[in-house]
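Reader: I should like to learn how the terms used for a protein structure follow from their definitions. May I put some questions to you about the one shown here?

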Amino acid sequence: MTASLSPETHVRAGRPLATLLLVLTVFGPISMDLYLPALPALTTELGAATSTAQLTVTACLVGLAAGQLIAGPLSDRFGRRGPALIGVAAYVLVSALCAASPTVELLIAARLVQGLAGGVGIVIAQAAGRDVYEGGRLIRFYGRLTVVGGLAAVIGPLIGGALTVILDWRGLFLVLAAIGAVILVWVALGLPETLAHGNRTAAGFGVIGRDLRMLLSDRRFVGAVVAQGFVYAALFAYLSGATYVLQGVYGLSPQAYALAFGLNSAGFMVFGYLAGRFSETWSVLGTLIVGLVIAGLGAVGLLVAGLTSVPLAVVIVALFLLAAGTAVTSPPSTTLALAGYPRIAGTASSLLGAARFAFGGIAAPLVGVAGALSILPLGLVTTVAVAAAAATAALLLRRPALATATAGSIHPATEGTPTCVE
């Protein structure tokens, strides 16, 4: 990633900083996914119902959403570095608590706090990127965030499946604590303050309320946020339910299940990278629409699998398309939501991230309502979610200027004034 110096900061946006920001997006999604291959074993050991055990996924998702809502405005007020250090330190402690949880109820509570801490890294990465990048470089950076953050969500089960050979689910949470400790040292040594004092917002709930009202009155911002939330509802339903489908219905071992997810990780990398490039040179909204079509094909494939008996290959292809479509939608959605708000990038980023994980938190437990041996709920939830995302985009993002938008024409907004992507 080439260096870019924003006029609003004196921090050089070189590879070391870019790499650290990318890593900060990882530990939140990894928290949700690393233990998924061990979720059936966790369910059995703690004597929990399938839907109750899936609340450990939901709690983390809700925490990831709420954590971003809290950290975003705070980072606009106090800067990026301080909240990042506090969030990662808390993450290390609560990951160890997850490993020691004696009951599923305590584990659910600990997972909520783990999500709160993990959400800090996501919002700081997006906001700090907005501090130091502009125009095409900003979109390329968001494309890389999509690849790394989404890749973490997809390869987490792959790593977890490999680790289940030598570790139980408690050991997986200790691994998360160790990962957090490494990131904490890295942040302490390598994360400069990217938000200059002169660019920070004033304190007070009144200021935060004013900023939120401005964002929520922008139809383009709301459309990008809600559409992305619905897409991530489909993704997290898939991440929550696929372990039961592939292991329970099709009889895959944890290791084979993890290998099946390896295919999705490759697809997520390739499609997320291409989405960043296409958004920059072709059309921001057009790239979003392509992503919705791809995700929709995957969701319909899962719905067909729930209605009739299909080979394993059909289900794997459907899951691949759903993950790839999500990767394609993320860079244009992030660009549409954040490009016009350089002064309150933390707050704007927190709403976008909160929508992703809050919608996902609602959808994730729904795939277990029919038990561990049914694909139909997964197909229904993903299909409805992608259809809702498409309807939202059609209603709120339908503007002639957006249809031909290119990344190179995004201009920084003046303070308090949103700038259209034109």
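Reader: Which residues of α1 are called buried, and what makes them so?

Author: In this predicted model, Leu17, Ala18, Leu20, Leu21, Leu22, Val23 and Leu24 of α1 are buried. Buried means a relative accessible area under 20%, exposed means over 50%, and partly exposed lies in between, with a 1.4 Å probe and protein chains only. Helix α1 spans residues 15–24, and seven of its ten residues are buried, so the helix is mostly covered. A helix here is a DSSP run of H or I with at least four residues, a strand is a run of E with at least two, and both are numbered from the N terminus.

Reader: On what basis does the model rest, and how are residues numbered?

Author: It is a predicted model, in which local features need pLDDT of at least 70, side-chain atom pairs count only at pLDDT 80 or more, and totals for chains, interfaces and linings use all residues. Residues are numbered from 1 along each chain as its sequence is written, and side-chain values use heavy atoms, with hydrogens and water left out.

Reader: How many helices and strands does the protein chain have, and how much of it is buried?

Author: The protein chain has 17 helices and zero strands. Of its 422 residues, 61% are buried.

Reader: Where do α1 and α9 meet, and what kind of crossing is it?

Author: Helix α9 covers residues 169–190, and its axis comes within 11 Å of that of α1, at a crossing angle of roughly 145°. Axes are lines fitted to C-alpha atoms, for helices over the stretch in contact, and angles run from 0 to 180 degrees between N-to-C directions. The crossing of α1 past α9 is left-handed, a term for a near helix turned anticlockwise from the far one by less than a right angle, clockwise being right-handed. Thr19, Leu20, Val23 and Leu24 of α1 make the contact with Ile183, Trp186, Val187 and Gly190 of α9; contact means heavy atoms within 4.5 Å. These residues divide into six nonpolar, two polar and no charged. Here Ala, Val, Leu, Ile, Met, Phe, Trp, Tyr, Cys and Pro count as nonpolar, Asp, Glu, Lys and Arg as charged, and the others, Gly among them, as polar.

Reader: Why are α5 and α15 called roughly antiparallel?

Author: Helix α5 (residues 55–78) and helix α15 (residues 345–363) pack at an angle of about 170°, with their axes 7 Å apart. Angles over 145 degrees count as roughly antiparallel, under 35 as roughly parallel, 65 to 115 as roughly perpendicular and the rest as oblique. The angle of about 170° is over 145, and α5 and α15 are therefore roughly antiparallel. Their contact includes Thr58, Ser75 and Asp76 of α5, and Gly346, Phe357 and Gly361 of α15. Its residues divide into eleven nonpolar, eleven polar and one charged.

Reader: How do you know whether threonine 58, serine 75 and aspartate 76 of α5 are buried or exposed?

Author: Their relative accessible areas are set against the limit of 20%. Threonine 58 has 10% and is therefore buried. Serine 75, at 0%, counts as buried, and aspartate 76, at 1%, is buried too. Leaving aside neighbours within four places in sequence, threonine 58 touches Gly361, Ala364 and Pro365. On the same terms, serine 75 is in contact with Arg80, Pro83, Ile124, Leu195 and Gly346, while the contacts of aspartate 76 include Arg200 and Arg343. The C-alpha atoms of serine 75 and isoleucine 124 are separated by 7.3 Å, although these residues are 49 apart along the chain.

Reader: What makes valine 148 partly exposed?

Author: Valine 148 belongs to helix α8 (residues 135–163). Its relative accessibility of 23% is neither under 20% nor over 50%, so valine 148 counts as partly exposed. Apart from residues up to four places away in sequence, it touches Leu22, Thr25 and Val26.

Reader: Why do cysteine 60 and cysteine 98 form no disulfide?

Author: A disulfide is a covalent bond between the sulfur atoms of two cysteines. It is assigned here to a pair of cysteine sulfur atoms within 2.5 Å. The sulfur of cysteine 60 has its closest cysteine sulfur in cysteine 98, at 8.1 Å, which is too far for a bond. A search of the whole structure finds zero disulfides. Cysteine 60 is buried at 0% relative accessibility, and cysteine 98 is also buried at 0%.
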